[in-house]
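Here is my note on the model you sent round, set out as numbered points that can be read beside the structure.

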Amino acid sequence: MVEILKWDDVPLETVAEGMSRQIVTGEKMTIARIYFDDGFVVPLHAHENEQVTQVIEGTMRFWFDEAKTRTRDLHAGEVMVIPPNFPHGAEMIGRVVEIDMWSPRREDWLKKTDDYLRGGTAGKLTETVDQSA
């Protein structure tokens, strides 16, 4: 069965101070529209899911190692593909609105066990968190 939704009708969830999101999921993938405040930090982490990130507004500064020696700024209108199990973190430059898509589905987000965002670690750089479990 085909399902059509409007983002305006999808509930907005506050995940942590400075981060809220809307989630839509299918059988094999998840998509989320995410809102970040300036300066919000997503800690370095990795997960089994392939991820496609599209920035709608603002800039996301990604890093791909603990020392932050490998970085890439992703600006409004740009899209990044992150392979499965590839460590990444990001800091928001300005207010950011972005769309993330994952395959397979983000079961940790759907079950609200995404503690790397919820447990007070977001907003601060922390150690790598493996979300593949």
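The points below go through a hairpin, the nonpolar core, a buried loop residue and the salt bridges.

1. Please keep in mind throughout that this is a predicted model, and that the distances and accessibilities quoted here are computed from it.

2. I begin with the hairpin formed by strands E1 and E2, which has two residues between its strands. Strand E1 covers residues 13-16 and strand E2 covers residues 19-25; the two run antiparallel and are joined by three bridges. Within this pairing, Thr 14 has Ser 20 of E2 as its bridge partner. In the turn, Gly 18 has a positive phi of about 95°.

3. The largest nonpolar core contains 22 residues, and those with the most contacts inside it are Met 19, Phe 36, Met 60, Phe 62, Met 92 and Trp 109. At least two residues of this core come from each of E1, strand E3 (30-36), strand E5 (50-63), strand E7 (79-82), strand E8 (88-103) and helix H2 (115-118). Of these elements, E8 gives the most, with four residues. As general background, nonpolar side chains tend to be buried together in soluble globular proteins.

4. Met 60 deserves its own point, as one of the core residues with the most contacts inside the core. Leaving aside residues up to four places away in sequence, Met 60 touches nonpolar core members Phe 36 and Met 92 among others. The contacts of Met 60 also include Arg 72, Asp 73, Glu 91 and Glu 98, as well as Thr 53, Val 55, Leu 74, Ala 90 and Val 96.

5. Is Asn 49, in the loop between strand E4 (41-46) and E5, buried or exposed? Asn 49 counts as buried because its relative accessibility is 3%, which falls under the 20% cut-off. Its side chain reaches the backbone oxygen of Pro 104 at 2.7 Å. Not counting residues up to four places away in sequence, Asn 49 touches Ile 82, Pro 83, Pro 84, Trp 102, Ser 103, Pro 104, Arg 105 and Arg 106.

6. The structure holds ten salt bridges, and one of them brings together the side chains of Lys 112 and Glu 13, at 3.5 Å from N to O. This pair links distant parts of the chain, since Lys 112 sits in the loop between helix H1 (107-110) and H2 while Glu 13 belongs to strand E1, 99 residues apart. Lys 112 is partly exposed, with a relative accessible area of 45%, whereas Glu 13 is buried, at 15%.

7. Asp 114 forms a salt bridge with Arg 21, and their closest N and O atoms are 2.8 Å apart. Here too distant parts of the chain are linked: Asp 114 lies in the loop between H1 and H2, Arg 21 lies in strand E2, and 93 residues separate them. Asp 114 counts as buried because its relative accessibility is 0%, and Arg 21 counts as buried at 0% as well.

8. The residues of points 6 and 7 should be read together, for Glu 13, Arg 21, Lys 112, Asp 114 and Arg 118 are linked in a network of salt bridges.

9. Finally, the side chains of Glu 78 and Arg 72 meet in a salt bridge at 3.5 Å, N to O. Glu 78 is partly exposed, with a relative accessible area of 26%, and Arg 72 is partly exposed, at 37%. Arg 72 is also among the residues that Met 60 touches.

How values were computed: Residues are numbered from 1 along each chain as its sequence is written. This is a predicted model: local features need pLDDT of at least 70, side-chain atom pairs count only at pLDDT 80 or more; totals for chains, interfaces and linings use all residues. Side-chain values use heavy atoms; hydrogens and water are left out. Two strands pair if DSSP finds at least two bridges between them. A nonpolar core is a set of buried Ala, Val, Leu, Ile, Met, Phe, Trp, Tyr and Cys residues joined through side-chain atoms within 4.5 Å. Buried means under 20% relative accessible area, exposed over 50%, partly exposed in between (1.4 Å probe, protein chains only). Contact means heavy atoms within 4.5 Å. A polar contact is a pair of N or O atoms within 3.5 Å; within protein, one must be able to donate a hydrogen and the other to accept it, and residues adjacent in sequence count only if both atoms are side-chain atoms. A salt bridge is a side-chain nitrogen of Lys or Arg within 4 Å of a carboxyl oxygen of Asp or Glu.
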